[in-house]
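Please work through the following exercises with the structure at hand. Each task is followed by a solution in steps.

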Amino acid sequence: MHKTIIFSLLMSIAVYSDTLLKPTSLSSDLYLQSILDSNYEENIDHPNEFLDFNYGDRVASPEQIVNALNKWSKQSSKLKVVEYAKTHEGRPLHAVFISSSENLMNLDNINNKISELSDARNTTDREAKQIINNLPAVAWMAYSIHGNETSGADAALGVIYHLIASEDKDIINMLDKMIVIIDPLMNPDGRARFAKNLEQYRGTAPNYDDQSLLHTGDWPYGRTNHYYFDLNRDWLYLTQPETQGRVSLINQWRPQILVDGHEMGSQDTFMTGPPREPINKNIDKDLIKWGNVFAQDQANAFDENNWRFYTGEWHEDLYPGYSFYVQFRGTLGILYEQSRMAEDGVKRPEGTIQSYKESVHHQFVSTLTNLNTLLKNSKSLYMDYWDGRKYNVSNDSKYANKSYVILPTQNIGRLNTLADKLLAQDIEIYQNSKPINARDVLKQNGDIESDYIIPVGSMIIPNNQPEAPLISAFLEFDADINEAVLIEEKQKRLRNGSSIMYDTTAFNFSMMYGLPAITVPADISKNLKSWSPSPAVHEVNEDALMWAVDGADDRSVAFAARLMEQDIQVRIIDKESILSDHNLSRGSVVVIAMDNPEYKTLYKVVKKTANDLDISIVSIESGFGSEDLPDWGGRHFRLLNKPQIAILSHEGFNSYDVGVSWWSLDHHLGIRHSQLNSSLLSYGDLRRYNTIILPSGNPDLSNYTKEILIDWVKQGGTLIANNRAARLIASATNFGNVKLLSETFENSNSYNIDLMREIYSLKDDIDKSDVNSNKVNFNINYPWESAKKIYTKDELQMRDKWQSLLMPSGSMVAARSDQKHWLTFGTNELIPILYANNPILMTGGNTEAPIRIGELIKNDKVEEVRTINWSQLPKGFDLNVRMSGLVWPEASQRIANSAYLTREKIGKGQVILFSGEPNFRGSTIGTNRLWLNAVIYGSGLGTNTLVTQ
Ligand SMILES: [Zn+2]
């Protein structure tokens, strides 16, 4: 009896698992055409050997693809597998070189010739022609950079097999004349996440509903990498290991074409290049011509197969941080966008079902067609490439008389990071050891200075060099956009609020990094030496009173954070100081021996931490700062408090902002923190944390949950919210006094008066006789009195409705930084802010606004008070808002004088709001510093210090 029960139980388990393992159909009968239909060498394994399904029917896992590559590299001499990086999760990234075995043995030599062809300063026309005659074509074919856009990598698996195993003469001939480099899956971590979702949500019957979880997957979805970064926006700023390794190899090989195989909406068809306007003006026009040649052949192939497709439409090319960065280096970029079929296929409105296998076939045929077009045109493409390379270094080019200069800074860490990014793109950078006189210099705020002295130690990048177009795309303050594009954009905005801009319209490095820079209309190339980073000095004496790192360097925040993590007491000097002859910027971090009596080998820990961060450190023997400079016992030496950090996460939050917050803490600081599921707020124990981060998003927080959060703040917590989460806090009724603009029209006057106080407090002149007069003055001029216009609530509302249609498209706006506030350590007075459709924050009462939109410029010629919506500008001032990219004048008015960063004390704690995403794509280093200050210094400098008994 007993036995029988166990037996039947086992039976039912077996039957159940059978059900899932044997689905009613794998949809393999939806598409009967064969993808791999050549005659193939028998000693090379068919892809089916590595899969547990028939090739093309389902999604191959990263491990299955890697297994195939490893096996094939043993079976064929036509393929060489190069591992160019590892992902955060430890998965290998591969570039598969496929060519005749003869070419593969000659790779170094071929690569050298490509380098020679790329530098027209050292190669003659005759040599170039000779090189071109002997060079094989080079193609870089890359797929599935978005992990849930799976068909590309499956196509790549088939293409690799087809190229190495086909006995077709055309293929063998192609490999004699071409090196095909295949990057089969650019984002294995994202693909693995999506593959897990597919496994998780599979039922027994096929599912053709593109809204089902099988097709969409779970938050944070498979598109991004481990830290939820969109790798196809990372090619410019190179923050992720996938991109860093890949760009290094692509740049070494300078392929003629680079194919980037994606997927788009399920109900769409197939799209390929060339792009439509706006197109970045630094891209060689020849590439647009070639884009059409490749598109024509691809279109013919699709017509033959009766497959629908289109070109252009939403595919623009202004932002240089897509894979199309290669276009600025002379490579033709070709985009594939296949409609997404997940695994089973998708039912369409006309009643047909498109199969996954067909989508793989589209990518497969596109790939082979593009390779054939390249084979036919390789020599002409090389000739155009050579012409471009000559143009870049010629004295007649538009790049010839231009140089970009990054001005000297104490922020050595940030400057070194910039240098690394530029060097990774083969950009030659220099520095000057003597001042240089320059004329008509363009500054970041748009002003031109006729006589300018470039200070010693500037980073100088002459534009006249082989990578001239890329330099221009990265460093010019403004990417030029055609008037016709602007007209179309404005029409769309006003008509229905839509936009033709696909990505940000501002991206230049110096503003993203918050580094002051100028553009000089001359070729500065004489008396320069190659750039070398200033070496860190580690001067750590055992018996010093204290040790200090300069607060201007971003790494000082990590220094403080890592020491506090080890329970070392750390202070910050909140004012510029000079101690033992060392100049220390505002926000410098000090470790005082007396604060840490229990630490016997304190100096060793301090030294090691500075070493690990490669940041300079000095020993201070005396705590006396002369005159009114800070002394070590005074109130400017402020004790920090160890941050205990939680990031709220999951459904409802923007995965990009969650990921980049997480990455920022890991990458910039390397300290412990927790990601919390936001549902835990209502039942978890928040006392473990003194700093909670709300990334951008619109999480569904109940009133009860909000009460818990606000109580936690009142008890001493620091709550930091970004972008849409800041909107949530500002619109909540009991979360302090920061308000959204739309809620302030009733009493806009009081906001204006607070603003006037703030601006007038910057004035540095006074009429002493007036002050000392004993008689009442009947003629005092109050700031608002002479204003010409004051708008009614109705007028402000109407303006706002209109202006809100024209918000910036990921553009740079100027902001002024309160140089006395601890949140702005390490930033300059003018700070560029990446701005999109941000919540517009208004501060009143005791709320602080350490960063406000608009750079105040003194201008004595302005003799009247001028009104901008709710605010006024006193006489003697101008206001700059736009810095780079598309900022409509109406938007400038709307956001002028609003707060970008707010801080408000509530109870014993505080709320800090960022109106934008301060860590956007890990590349807005300028505003990232503000955020790191908030996260690491917030608890110590902005809340009541707890004295434990
Ligand atoms: Zn994509």
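The exercises below concern a predicted model and treat its metal site, its aromatic pairs and its charges over rings.

**Exercise 1. The zinc site**

Task: Identify which atoms coordinate the zinc ion, and decide whether the site is tetrahedral or irregular.

Solution.
1. The zinc ion is coordinated by ND1 of His146, by OE atoms of Glu149, listed twice, and by ND1 of His262, at 2.0 to 2.6 Å.
2. Along the chain, these donors follow the spacing H-x2-E-x112-H.
3. A tetrahedral assignment for four donors requires all angles to lie between 85 and 135 degrees.
4. For the zinc ion, the angles among the 4 donor atoms run from 55 to 155°, and the site is irregular.

**Exercise 2. Accessibility of two zinc ligands**

Task: Determine whether His146 is buried or exposed, and do likewise for Glu149.

Solution.
1. The cut-off for a buried residue is under 20% relative accessible area.
2. His146 has 3% relative accessibility and is therefore buried.
3. Glu149 has 5% relative accessibility, so Glu149 is buried.

**Exercise 3. Aromatic pairs**

Task: State how many aromatic pairs the model contains, then classify the pair of Phe270 and Phe302 and the pair of Tyr391 and Tyr399.

Solution.
1. The count comes to 21 aromatic pairs.
2. The ring centres of Phe270 and Phe302 lie 4.7 Å apart with 45° between the planes, and the pair is tilted.
3. Phe270 belongs to strand β6 (residues 270-272) and Phe302 to helix α11 (residues 285-305), so their pair ties together parts that are 32 residues apart in sequence.
4. Phe270 is buried at 1% relative accessibility, and Phe302 is buried with a relative accessible area of 1%.
5. Tyr391 and Tyr399 form an edge-to-face pair, with 6.2 Å from centre to centre and 75° between the planes.
6. Tyr391 is partly exposed, at 37% relative accessible area, whereas Tyr399 is buried at 4%.

Task: Which residues do ring pairs link into a cluster with Phe270 and Phe302?

Solution.
1. Ring pairs join Phe270 and Phe302 with Trp307, Phe309 and Tyr336 in a cluster.

**Exercise 4. Charges over rings**

Task: Find which ring lies beneath Lys763 and which ring lies beneath the charged end of Arg799.

Solution.
1. Lys763 is placed over the face of Tyr760, at 5.2 Å from the ring centre.
2. Arg799 has its charged end over the ring of Tyr791, 4.1 Å from the centre of that ring.

How values were computed
Residues are numbered from 1 along each chain as its sequence is written. This is a predicted model: local features need pLDDT of at least 70, side-chain atom pairs count only at pLDDT 80 or more; totals for chains, interfaces and linings use all residues. Side-chain values use heavy atoms; hydrogens and water are left out. Donors are N, O and S atoms within 2.8 Å of the metal (3.2 Å for Na, K and Ca); water is not among the atoms, so sites may look incomplete. Four donors count as tetrahedral if all angles lie between 85 and 135 degrees; four count as square planar and six as octahedral if opposite donors are over 155 degrees apart and all others between 65 and 115; anything else is irregular. Buried means under 20% relative accessible area, exposed over 50%, partly exposed in between (1.4 Å probe, protein chains only). Rings of Phe, Tyr and Trp (its six-membered ring) pair if their centres lie within 6.5 Å; planes under 30 degrees apart count as stacked, over 60 as edge-to-face and the rest as tilted. Helices (H or I, at least four residues) and strands (E, at least two) are DSSP runs, numbered from the N terminus. A charge sits over a ring if NZ of Lys or CZ of Arg is within 6 Å of the ring centre and within 35 degrees of the ring normal.
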